[in-house]
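Please walk through this structure with me, moving from the interior outwards to the surface.

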Amino acid sequence: MRLDEHVTLITGAGSGVGAATARYMASEGAAVALVGRTAATLGAVADEILQRGGRAIAIPADVSRAEQIDAAVERTVEELGRLDSVVANAAV
C-alpha cells in the first residue's frame with residue numbers, strides 16, 4: 001500500500017508500536033509527525049526515517065495536555081503541509 005503525499009501524526013512514536021508504525025508508514029511514502037514525551041527517542045526514530053529518505057519530524061508533547069496536542073497538530077500542518085490521519089497509540 002503506497003502512502004505517497006499522505007501525512008500522519010503518530011502518538012507514542014518514540015518506541016514500540018508507535019515507532020514501528022512510523023517506520024512502516026514512512027517506508028510506504030507517508031510523511032510522519034512523531035509525537036511523544038521524550039525528545040531523544042523521537043529524534044532517533046525521525047533520524048532513522050530521514051536517513052532512509054523519508055520525511056519525518058519529531059514533536060515532544062504530552063498527549064494528556066490538550067494544548068500540547070493542539071500545538072503538535074499546528075506544527076504538523078505548518079511543516080508537512082497538512083494532516084490526513086492520526087494514529088492514537090499513546091496511552092494516558
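In this predicted model, Leu-34 has a relative accessible area of 0% and is therefore buried, the limit for that class being under 20%. Leu-34 belongs to strand 2, and, when its neighbours within four places in sequence are left aside, its contacts include Ile-10, Ala-13, Ala-22, Leu-42, Val-45, Ala-46 and Ile-49, together with Ile-57, Ala-58 and Ile-59. The contact with Ile-57 can also be put in terms of the backbone, since the C-alpha atoms of Leu-34 and Ile-57 are separated by 6.0 Å while the two residues stand 23 residues apart along the chain.

Leu-34 is also one of the residues with the most contacts inside the largest nonpolar core, a set of 15 residues in which Ile-10, Met-25, Val-32 and Ile-49 share that distinction. Helix 1, strand 2 and helix 2 each supply at least two residues of this core. A second core, separate from it and made of 10 residues, includes Ala-31, Ile-57, Ile-59 and Leu-80. Such grouping can be set beside a general tendency, namely that in soluble globular proteins nonpolar side chains tend to be buried together. Within the largest core, Met-25 deserves a look of its own: not counting residues up to four places away in sequence, Met-25 touches Leu-3, His-6, Thr-8, Ile-10, Ala-30, Val-32, Ser-85 and Val-87.

How do the axes of helix 1 and helix 2 lie with respect to each other? The axes of helix 1, residues 16-27, and helix 2, residues 39-51, come within 10 Å and cross at roughly 20 degrees. Because angles under 35 degrees count as roughly parallel, helix 1 is described as roughly parallel to helix 2. The crossing in which helix 1 passes helix 2 is right-handed. On the side of helix 1 the contact involves Ala-19, Ala-22, Arg-23 and Ala-26, which meet Val-45, Glu-48 and Ile-49 in helix 2. By class, the residues of this contact divide into five nonpolar and two charged, with no polar residue.

Gly-14 sits in the loop between strand 1 and helix 1, and its relative accessible area of 18% makes Gly-14 buried, because the class covers values under 20%. Apart from residues up to four places away in sequence, Gly-14 touches Ala-19, Thr-41, Leu-42 and Val-45. The C-alpha atoms of Gly-14 and Ala-44 are separated by 7.9 Å, with their positions 30 residues apart along the chain.

Gln-68, in helix 3, which spans residues 66-80, has 28% relative accessibility and so counts as partly exposed. Not counting residues up to four places away in sequence, Gln-68 touches Ala-61 and Asp-62, and its C-alpha atom is separated by 10.0 Å from that of Val-35, 33 residues apart along the chain.

Two further residues belong to the exposed class. Arg-52, in the loop between helix 2 and strand 3, is exposed with a relative accessible area of 65%, and its C-alpha atom is 19 Å from that of Leu-9, the two being 43 residues apart in sequence. Glu-5, found in the segment before strand 1, is likewise exposed, with a relative accessible area of 60%. The backbone of Glu-5 has a positive phi of about 70 degrees, although Glu-5 is not a glycine.

Conventions
Residues are numbered from 1 along each chain as its sequence is written. This is a predicted model: local features need pLDDT of at least 70, side-chain atom pairs count only at pLDDT 80 or more; totals for chains, interfaces and linings use all residues. Side-chain values use heavy atoms; hydrogens and water are left out. Axes are lines fitted to C-alpha atoms, for helices over the stretch in contact, and angles run from 0 to 180 degrees between N-to-C directions. Helices (H or I, at least four residues) and strands (E, at least two) are DSSP runs, numbered from the N terminus. Angles under 35 degrees count as roughly parallel, over 145 as roughly antiparallel, 65 to 115 as roughly perpendicular and the rest as oblique. A crossing is left-handed if the near helix is turned anticlockwise from the far one by less than a right angle, and right-handed if clockwise. Contact means heavy atoms within 4.5 Å. Ala, Val, Leu, Ile, Met, Phe, Trp, Tyr, Cys and Pro count as nonpolar, Asp, Glu, Lys and Arg as charged, and the others, Gly among them, as polar. A nonpolar core is a set of buried Ala, Val, Leu, Ile, Met, Phe, Trp, Tyr and Cys residues joined through side-chain atoms within 4.5 Å. Buried means under 20% relative accessible area, exposed over 50%, partly exposed in between (1.4 Å probe, protein chains only).
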